[in-house]
Amino acid sequence: MISTKQSEQSRISAGTKVKLKNYPTDSSDTDVAKELGEDAVKEMAANALLESRLHLDAVQNLLYASDTYSVLLIFQAMDAAGKDGTIRHVMSGVNPQGCQVFSFKKPSVEELDHNFLWRYMKALPERGRIGIFNRSYYEDVLVVKVHPEWLGPGQPTNPGKKFWARRYEDINNFEKHLTRNGTLVIKFFLHLSKKEQKKRFLERLTNPDKHWKFSDADLAEREHWDDYQKAFEEALTATSTERAPWYVIPADHKDVARAMVAEIIVKSIQDLKLEYPKLSTDQLGNLEIARAKLEKKQKSAAAATPQAPET
Ligand code: ATP
Ligand code: MG
């Protein structure tokens with residue numbers, strides 16, 4: 001069920017004209033999943049996630065030690081698709097020193113006074129680290145495309161096709177720059193159905209522990225559902241490249257979505273074929289000298305330790 005094949009299929013190859021209708025939101029809608037049953041699928045997904053988390057901790061350690069690449073993970077989705085939960089569950093086994101999460105909200109006045117990539121550039125991961133963007137510069141061709149009136153000062157009031165084409169081009173060039181300079185870029189679109197979003201919003205309204213998650217703004221944006229889907233289709237079509245691919249993750253079932261994301265991250269970092277730094281013969285010789293010194297000191301310290309008096 002959680003198979004490499006499934007994860008591979010969620011990858012959008014460069015040049016594909018994306019129609020979201022052709023990508024499932026419900027991972028249980030397959031013959032295999034139906035045959036296994038919901039509980040078995042959940043259990044398999046939970047086990048797969050556990051396994052990937054162990055691998056992720058190991059590859060992150062290697063990423064840090066080899067100090068050659070950084071990893072940028074981008075998460076985009078409609079509200080309530082589970083970005084936060086996915087990030088929390090997938091990254092929970094990783095050394096906190098090795099990763100950093102940035103959540104991007106509505107830009108400030110200062111941010112709007114700069115070019116649209118500025119605030120994201122400042123948050124890029126340093127070499128050896130995993131950086132996570134919970135929302136990203138893709139908001140600037142998604143929410144802003146749905147609400148062009150939110151473009152900053154000095155921007156066109158009625159931007160046309162050309163304006164958006166330039167932004168896609170800027171994003172592709174930016175990602176080209178990142179990947180050419182040692183950043184692995186992986187982009188996830190958590191693909192949620194409108195029906196499941198309604199269910200999750202209702203849960204936020206009825207369960208007191210989830211009240212805090214509800215926002216009127218989410219309901220207002222739901223009114224623009226079709227515009228968002230269209231904006232996603234156009235953005236994914238224009239910006240899924242060999243070097244920085246998009247993965248469309250069926251998000252109606254959280255366990256499966258998390259397991260798929262974790263597997264894709266592990267596999268992508270493993271494909272970098274990183275190795276622990278190798279020491280030169282001289283450096284190895286120095287290690288030998290240090291070891292001998294340390295052992296000698298330990299021996300003489302043991303000899304100097306007073307013996308307990310015989311009784
Ligand atoms: P949560 O799961 O906590 O709701 P969230 O990512 O939805 O997380 P919110 O504070 O609810 O966080 O929403 C952030 C809002 O900021 C979103 O509506 C998003 O579209 C908006 N936003 C992010 N980037 C931009 C941008 N560049 N321009 C305009 N709006 C943006
Ligand atoms: Mg929100």
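Around ligand 1, the surrounding shell divides by class into 5 nonpolar, 3 polar and 7 charged residues, where Ala, Val, Leu, Ile, Met, Phe, Trp, Tyr, Cys and Pro count as nonpolar, Asp, Glu, Lys and Arg as charged, and the others, Gly among them, as polar. The structure is a predicted model, in which local features need pLDDT of at least 70 and side-chain atom pairs count only at pLDDT 80 or more, while totals for chains, interfaces and linings use all residues. Residues are numbered from 1 along each chain as its sequence is written, and chains are lettered from A and ligands numbered from 1 in the order in which they are written.

**Ligand surroundings**
- Ligand 1 is surrounded by 15 residues, the closest being Phe104, Lys105, Lys106, Glu139 and Val143; a residue is near a molecule if its C-beta atom, placed from the backbone, lies within 6 Å of it.

**Overall build**
- The protein has 13 helices and 5 strands, which are DSSP runs numbered from the N terminus (helices H or I with at least four residues, strands E with at least two).
- Its radius of gyration is 24 Å, well over the 19 Å that the globule rule gives for 311 residues, so the protein is more spread out than a compact globule; the radius is taken over C-alpha atoms, and the rule is 2.2 Å times the number of residues to the power 0.38.
- Taken along the principal axes, the C-alpha atoms fill a box of roughly 90 × 50 × 40 Å.
- Of the 311 residues, 30% are buried, a term that requires 20 or more other C-beta atoms within 10 Å of the residue's own, with exposed meaning 12 or fewer, partly exposed in between, and C-beta atoms placed from the backbone.

**Helix 12 and the core**
- The 17 residues of helix 12 (residues 254-270) should span 24 Å at 1.5 Å a residue, and the end C-alpha atoms are 24 Å apart, which agrees; the expected span is 1.5 Å times one less than the number of residues.
- Helix 12 is mostly covered, with 12 of its 17 residues buried, and these buried residues pack against helix 1 (4-9), helix 3 (38-66), strand 1 (70-77), helix 4 (83-91), strand 4 (183-191) and strand 5 (246-250).
- In the largest nonpolar core, which has 58 residues, Leu73, Phe189, Leu190, Ile249, Val261 and Ile265 touch the most other members; such a core is a set of buried Ala, Val, Leu, Ile, Met, Phe, Trp, Tyr and Cys residues joined through C-beta atoms within 7 Å.
- Helix 12 gives the most to this core, with 10 residues.
- Leaving aside neighbours within four places in sequence, Val261 is in contact (C-beta atoms, placed from the backbone, within 7 Å) with Thr86, Val90, Phe188 and Ile249.

**Helix 3 and the loop after it**
- For the 29 residues of helix 3, a span of 42 Å is expected at 1.5 Å a residue, and the end C-alpha atoms are 41 Å apart, which agrees.
- The buried residues of helix 3 pack against helix 2 (31-36), strand 1, helix 4, strand 3 (130-134) and helix 12.
- Asp67 lies in the loop between helix 3 and strand 1, has a positive phi near 50°, and counts as partly exposed because it has 14 C-beta neighbours inside 10 Å.

**Helix 13**
- Ser300, found in helix 13 (residues 281-304), is exposed, with 9 other C-beta atoms within 10 Å.
- The C-alpha atoms of Ser300 and Phe189 are separated by 62 Å, with their positions 111 residues apart along the chain.

Note on methods. Two residues are in contact if their C-beta atoms, placed from the backbone, lie within 7 Å.
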